[in-house]
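Colleague: I am new to this structure and would love a close look at one part of it. Could you walk me through a single strand and its neighbours?

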Amino acid sequence: MAIRNSLSGQLLRRTSAVAEARFMSSWFRSIEPAPKDPILGVTEAFLADQSPNKVNVGVGAYRDDNGKPVVLECVREAERRIAGSQFMEYLPIGGSVKMVEESLKLAYGENSEFIKDKRIGAVQALSGTGACRLFAAFQHRFHPNSQIYIPVPTWANHHNIWRDAGVPMKTFRYYHPESRGLDFSGLMEDIKNAPDGSFFLLHACAHNPTGVDPSEEQWREISSLIKVKGHFPFFDMAYQGFASGDPARDAKAIRIFLEDGHLIGLAQSYAKNMGLYGQRVGCLSVLCEDEKQAVAVKSQLQLLARPMYSNPPVHGALIVSTVLGDPELKNLWLKEVKVMADRIIGMRATLRENLEKLGSPLPWQHITNQVSS
């Protein structure tokens, strides 16, 4: 009897183990490989290619004449100054206070009344992508019935960001393929026809991927209509300084909206304009009605960030705050970012000139009219 019970127990355990193994092996069986990212997939192909003459046309990262990455001298000096820093602890959830302060001055203006009145709720973010993702989650939580209007075309990841945050997306006309310029009439019509109180995603400068930006007068008309409709403008500013060589000029659209009395959201990135691609340092800010509201908004942004990544990284924040917080280093950065912007502008002019010299029957004005992105 004891032998029979022992054998039955062994059989039961073996059967149970087989059933459990079958069940566990089915957990991920239905998962298919994800499609490659259309931009990052190009970089993967580039790295795998053994050709000495290969060119990476995927991620837009600045390179010198030899195709090599560039580290700015202001960044090298900042790293020398922070080398051996005793501070390697967690940053607060909202990130580096100093980095955020300097970012707000860069975007809203050195002497901005909104900064002085403490009307901006802001946190350090994981570059521009993280800032957009955090705002999308904020929009979904506090305006669950809202939607985001995204330009056609836009940076491909914008769609992924708001989709994964659960925010319904609609589009508005932006690029006019025939003229290779702005579809201003279509844009204005779509803003007008959108339900009052919609969210609109706007590229502050160097529209990605077209390089087509509204003129100052067009920005004023866009701002006016968005104000009439009660829409909320959210700016993605990934190229401040890198577009024209002048950070103030590249923030002109934002300043126009501020003058017109909008409350705005803003994503900033230091990937392009400081060459800090891999440091993933950026800032998300929301202009509010008053200081009390700004405190509440910041607290909610931090609450959303906590389960996402808990705390932003410290090294990139130290670089940015060191560069922007020191007059000497900031002046060096302004010179270096202008050199980069001017070089790209010059390359565009040379490309157009050579195409026209070769007798191309096609118009190439758009190459110099568009802004590098």
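Modeller: Happily; here is a short tour of strand E6 and what lies beside it in the chain. Please keep in mind that this is a predicted model, in which local features need pLDDT of at least 70 and side-chain atom pairs count only at pLDDT 80 or more, while totals for chains, interfaces and linings use all residues. Residues are numbered from 1 along each chain as its sequence is written, and side-chain values use heavy atoms, with hydrogens and water left out.

E6 spans residues 199-203. Its name follows a simple scheme: helices (H or I, at least four residues) and strands (E, at least two) are DSSP runs, numbered from the N terminus. Five of its five residues are buried, meaning under 20% relative accessible area with a 1.4 Å probe, protein chains only (exposed is over 50%, partly exposed in between). On one side these are Phe199, Leu201 and His203, and on the other Phe200 and Leu202, so both faces are covered.

Next come the partners; two strands pair if DSSP finds at least two bridges between them. Strand E2 (residues 148-152) runs parallel to E6 and is joined to it by two bridges, with Tyr149 opposite Phe200. Strand E7 (residues 232-237) also pairs with E6 in the parallel sense, over five bridges. There, His203 has Asp236 in E7 as its bridge partner. To get from E6 to E7, the chain passes through helix H9 (residues 216-229), and this β-α-β crossover is right-handed: with the strands pointing away from the viewer, the path from the first strand over the helix to the second runs clockwise.
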